[in-house]
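Me: Please walk me through this model, one question at a time. Keep the answers short.

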Amino acid sequence: MLSPSVIAPLHPTPPETIAEALDHIGPLHSMPFEDRLWLAHHAQERIVAAGEILFEEGGSAEHMMLILKGEIHVRRQRTGPMSLFVGRSGQMTGLLPFSRMKSYGGQGFAATDVWALLVHRSLFPEMLSAIPSMTQRIVSSLLDRVREVTRMEQQAEKLSALGKLAGNLAHELNNPASAAQRAASGLDEELRANRNNRFKLINLCLNDEQITAVETWELKVLVGPVHSPDLPEIQPAPVAFLAREESIRAWLAALDCPEPWEVAAPLAEQGVTVEELDELRAVLPADATCVSLQFFARYLRSSRSVNTLISSTARIFDLISAVKDYSFLDRAPILEIDVPAGLDATVQMLQSRMSNIKITRDYEPNLPTISAYGGELNQVWTALIENALDALGNQGEIRLACRLETDMLLIEIWDTGPGIPTELQDRIFEPFFTTKAPGQGLGLGLDNAMRIVRKHRS
C-alpha cells in the first residue's frame, strides 16, 4: 500500500511525452512506441518530493513502478540506515508480474524528487496481453533483482560477521594490551625511583662479606617455593597474605625504614617471612637493611612488570597468529589444511564470548590434512560455533570432534543447548530463514556454510 504522499501531478504529462521517457527504462528499451503509449495511457503518473515515504516495511505490494526520474531507497528499520535496495531513474521495480512478492521488505523513501509511473496489479493480465514482449522483459528483470538482493544480503551478512570478529578480536587484544601498558608504566616508575636513590646504595660502602651475604639472601628468596620452577606457584589465602604483609610492615616500621608499606607488599608476595628479614638484619646495620630491602622490593616489582610484558606481548602475538591462521592471509586459495587447527583458531577468535563456556576437543590423532579453501572452511566453523553460542547463552559446553570416516574427514560440533525444534529442522539451511530476533541475523550463515561444503565436494 502506497503512502498518501505519493500523489498525482496537478498538470499531468502528455502520454506521448511519457511514452518517450519510457524508452529510457532499461527493460523497456527498444519497445515499440505503441506499446509504450499503452503504458502511458493506463499507468498512474505520480510525483514524490525528496524525503517523502512511498511505502512502509511490511505494507501490501500492489504496484509495478517505472522510475522515470529520481532515486528511491529501500531500507529495513531493524537493521539500521543501510539501504537494502536503491532504485534509480531508468529502473522497473516494485511488484512485478510472476513475482511472489506480497509485501514490501523495507521502507521506501524518495532520496530525490521522483517522477514515476505506477501499474496496479489488477492491470497485469491486460498489460501482458496488450504487450507480448513484456513477459520476457519482466522475467529478465526478476532474475536481475533476485541476484542483486541476494548479493546485498550476503554482503550484509559478511559485514555483520566481520563486525563480530572485529569486536571479539578487539576484546581479546584489549586485555593483554592494557596489562602491557600498566606493566610498562610500573617498570618506568621503578627504574626512575632506583635512579633517584642510587647514591644511597653507593653510600652504604658494604664490605665483600656483607655483599656476599646480601646476594646469598636475595638468591634464597628469589628461588624460594613461591617462584621455584619445579613447584606449582603457591597462592596464600588472602587473610594469611595480609597477616604476612602486616608483620613485614611492622618489622620495617620498627627498624624506622621510610615508607614501609611500599616495601612490605612485594616482599609478602614473594613469600618473605620476618625470620628471613632477621637473617638479613644480622649482617647489615639498620640503615643498610632498609636501603637494601627498598631496592630489592623495587627489583621484585620490576621483574613482575617485565614478566607481565612478556606474557602480554606473547598473548598479542598468539592472537595475531590466530588471525592469520583463521583468515589464511597471504596464502593461496587452495591449501593443505589442518582442520583441527582451523577449529582451534576459530574458537580463539570467539574467545570473548566464551567466559562461561566449556570447550571439549575430541580430535583423532594424526589426522591427515585436506586440500581446501582454508578461509572459507573457517567461515563454516564460525557459523556453526556462533549458532552454538547463541543457543547456549553464556553457560554450557561445546564439543568439537574430528575423525576419519572411511576416506572422508568428519567434523562434528555439539552443544548442550535446547536444540532446534523438530518442525524447523528442515528449514535451517534455507536462505534468509532465521530463528533469531529481528536485527540479530539475516539467515544466511548456514546457507553460506552449506554452499561452501558443497563447493568442496566438486
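**Sheets, cores and single residues**

Reply: Strand 3 and strand 8 run antiparallel and are joined by 6 bridges. Strands here are DSSP runs of E with at least two residues, helices are runs of H or I with at least four, and both are numbered from the N terminus. This is a predicted model, in which local features need pLDDT of at least 70 and side-chain atom pairs count only at pLDDT 80 or more, while totals for chains, interfaces and linings use all residues. Residues are numbered from 1 along each chain as its sequence is written, and side-chain values use heavy atoms, with hydrogens and water left out.

Me: What is the mean pLDDT of the protein chain?
Reply: pLDDT is the predictor's confidence in each residue, from 0 to 100. In this chain, 82% of the residues reach 70 or more, and the mean is 81.

Me: How many contacts does the stretch 226-234 have beyond near neighbours in sequence?
Reply: The pLDDT is below 50 over residues 226-234. Contact means heavy atoms within 4.5 Å. Beyond near neighbours in sequence, the model gives this stretch a contact count of 13.

Me: Which residue is the bridge partner of Ile67 in strand 8?
Reply: Two strands pair if DSSP finds at least two bridges between them. Strand 3 and strand 8 have 6. In strand 8, Ile67 is partnered by Ala116.

Me: Which strands stand at the edges of the open sheet with the order 1-8-3-6?
Reply: This sheet has 4 strands with antiparallel pairing. An edge strand has a single partner strand, so one of its sides is left without a neighbour in the sheet. That holds for strand 1 (44-48) and strand 6 (92-94).

Me: Which strand gives the most to the largest nonpolar core?
Reply: A nonpolar core is a set of buried Ala, Val, Leu, Ile, Met, Phe, Trp, Tyr and Cys residues joined through side-chain atoms within 4.5 Å. The largest has 43 residues, and Met127 is one of those that touch the most other members. Suppliers of at least two residues include helix 1 (15-22), helix 4 (134-196) and strand 8 (114-120). With 6 residues, the top contributor is strand 8.

Me: How many residues are in the second, separate core?
Reply: Its members include Leu204, Trp217, Leu252 and Cys257. The size of this second core is 26 residues.

Me: Is Ser292 buried or exposed?
Reply: Ser292 lies in helix 10 (residues 286-327). Leaving aside neighbours within four places in sequence, Ser292 contacts Leu204 and Leu284. Buried means under 20% relative accessible area, exposed over 50%, partly exposed in between (1.4 Å probe, protein chains only). At 7%, Ser292 is buried.

Me: What angle does helix 11 make with strand 10?
Reply: Strand 10 belongs to an open sheet of 3 strands, ordered 10-12-13 with mixed pairing. Helix 11 (residues 339-349) packs on that sheet, touching strand 10, strand 12 and strand 13. Axes are lines fitted to C-alpha atoms, for helices over the stretch in contact, and angles run from 0 to 180 degrees between N-to-C directions. The angle between helix 11 and strand 10 is about 175 degrees.

Me: How far apart in space are Lys455 and Glu376, C-alpha to C-alpha?
Reply: Lys455 is in helix 13 (residues 445-455) and is partly exposed, at 34% relative accessible area. Lys455 touches Tyr373 and Glu376, not counting residues up to four places away in sequence. Lys455 and Glu376 are 79 residues apart in sequence, and their C-alpha to C-alpha distance is 9.9 Å.
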